[in-house]
Amino acid sequence: MQKKTTLLFDMDGTLIDTEFPYCRAMQAACQDFGIDMTEERYFEDYAGATVADNWQRMEAYVGDIQLARKIIQQSDKVYQDIIQKEGVPLKPHAKETLASLEKRGYQLVIASSSTRPVVMDMLARTRLDVYFSLLVTGDMITHSKPHPEIFQKALELTASRASDTVVIEDSFQGVTAGYRAGIDTIMIPDYHQPTPEIAACAVAVLPTLSELLPLLP
């Protein structure tokens with residue numbers, strides 16, 4: 001891989017182990033209203049999406065906008081309870097990998113579908129905020145991943161070329177978005193190993209964040 005200058009990191013599931021707590025919260029909220037939410041459905045339809053898209057997808061699933069609103073609001077409350085009790089766990093090697101990449105001179109950017117207040121809170125809680133020069137968040141865009149808009153926005157705001165940039169993602173939606181943006185994308189799977197089609201969209205599939213270091217000198 002040629003020398004790069006800018007690294008665009010997803011947050012949930014890539015740096016912070018939040019997707020499973022989000023899933024648990026969604027399942028609990030759905031159960032409260034008599035709705036079934038399987039882990040498979042959550043990760044296929046809701047993981048990596050913006051808040052607005054999650055509202056729309058829940059409305060389509062339950063067929064009632066008011067019920068969808070209640071479920072999403074209850075899910076947010078349950079999620080806050082979970083992280084207050086259990087904390088916010090980092091993915092393996094997250095902090096030391098970011099520290100090494102920062103020392104090598106890379107510009108590190110968050111490109112997350114979560115809202116800016118949520119991203120800022122999660123990064124502050126985990127003390128990862130010190131590594132990032134820019135946050136590109138879901139409330140700054142119109143279209144969720146797998147649409148490439150969030151990465152295109154990051155290129156615009158950093159004045160970076162796609163050829164000088166790498167996307168680091170965990171989800172199928174994120175990898176597809178990076179590929180569609182024309183950016184070399186590295187996948188570090190969280191909950192599902194890539195299908196052959198998704199693997200073909202990535203320049204590498206790695207088991208943990210620490211394996212980034214040999215690829216990004």
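Helices (H or I, at least four residues) and strands (E, at least two) are DSSP runs, numbered from the N terminus. The model is predicted, and local features need pLDDT of at least 70, side-chain atom pairs count only at pLDDT 80 or more, and totals for chains, interfaces and linings use all residues. Residues are numbered from 1 along each chain as its sequence is written, and side-chain values use heavy atoms, with hydrogens and water left out.

**Figure 1. Overall view of the protein, with its ten helices and six strands.** The radius of gyration (taken over C-alpha atoms) is 17 Å, close to the 17 Å given for 217 residues by the globule rule, so the protein is as compact as a globular protein of that length. That rule is 2.2 Å times the number of residues to the power 0.38. Along the principal axes, the C-alpha atoms fill a box of roughly 50 × 35 × 30 Å. Of the 217 residues, 51% count as buried; buried means under 20% relative accessible area, exposed over 50%, and partly exposed in between, with a 1.4 Å probe and protein chains only. Among contacts (heavy atoms within 4.5 Å) with a separation of 6 or more, 64% join residues 24 or more positions apart.

**Figure 2. The largest nonpolar core, made up of 51 residues.** A nonpolar core is a set of buried Ala, Val, Leu, Ile, Met, Phe, Trp, Tyr and Cys residues joined through side-chain atoms within 4.5 Å. In this core, the residues that touch the most other members are Phe9, Leu15, Met58, Phe132 and Leu212. Helix α4 (residues 65-86) provides the largest share of the core, seven residues. A second core, separate from this one, has 13 residues, including Val109, Ala111, Ile141 and Ile183.

**Figure 3. Close-up of Phe132 and the residues that it touches.** Setting aside residues up to four places away in sequence, Phe132 touches Phe9, Leu15 and Leu98, together with Leu108, Val109, Ile110 and Leu123. Phe9, Leu15 and Phe132 are themselves among the members of the largest core that touch the most others.

**Figure 4. Close-up of helix α5, which spans residues 94-103.** The residues Ala94, Thr97, Leu98, Ala99 and Leu101 of this helix are buried. The packing partners of the buried α5 residues are the strands β1 (6-9) and β2 (107-112) and the helix α10 (212-215). On one side of the helix, His93 occupies the loop between α4 and α5. His93 is not a glycine, yet its phi is positive, at about 70 degrees. The relative accessible area of His93 is 34%, so this residue is partly exposed. Just after α5, Gly105 also adopts a positive phi, of about 95 degrees.

**Figure 5. Close-up of Glu169 in strand β4 (residues 165-169).** Glu169 has 0% relative accessibility and therefore counts as buried. Apart from residues up to four places away in sequence, Glu169 touches Asp10, Thr14, Lys145, Phe151, Gly174, Val175, Ile186, Met187 and Ile188. One of these residues, Lys145, is joined to Pro146 by a cis peptide bond, with omega about 20 degrees. Pro146 belongs to the loop between β3 (134-137) and α7 (149-158).

**Figure 6. Close-up of Ala159, in the loop between α7 and β4.** Ala159 is a residue other than glycine with a positive phi, near 55 degrees. The relative accessibility of Ala159 is 72%, so this residue counts as exposed.

**Figure 7. Close-up of Phe33, in the loop between α1 (19-32) and α2 (39-45).** With a relative accessible area of 34%, Phe33 is partly exposed. When its neighbours within four places in sequence are left aside, Phe33 is in contact with Leu67, Lys70, Ile71 and Gln74. Phe33 and Leu67 lie 34 residues apart in sequence, and their C-alpha atoms are 8.2 Å apart in space.

**Figure 8. Close-up of Lys85, a residue of helix α4.** Lys85 counts as exposed, at 73% relative accessibility. Along the chain, Lys85 and Gly105 are 20 residues apart, and 36 Å separates their C-alpha atoms.
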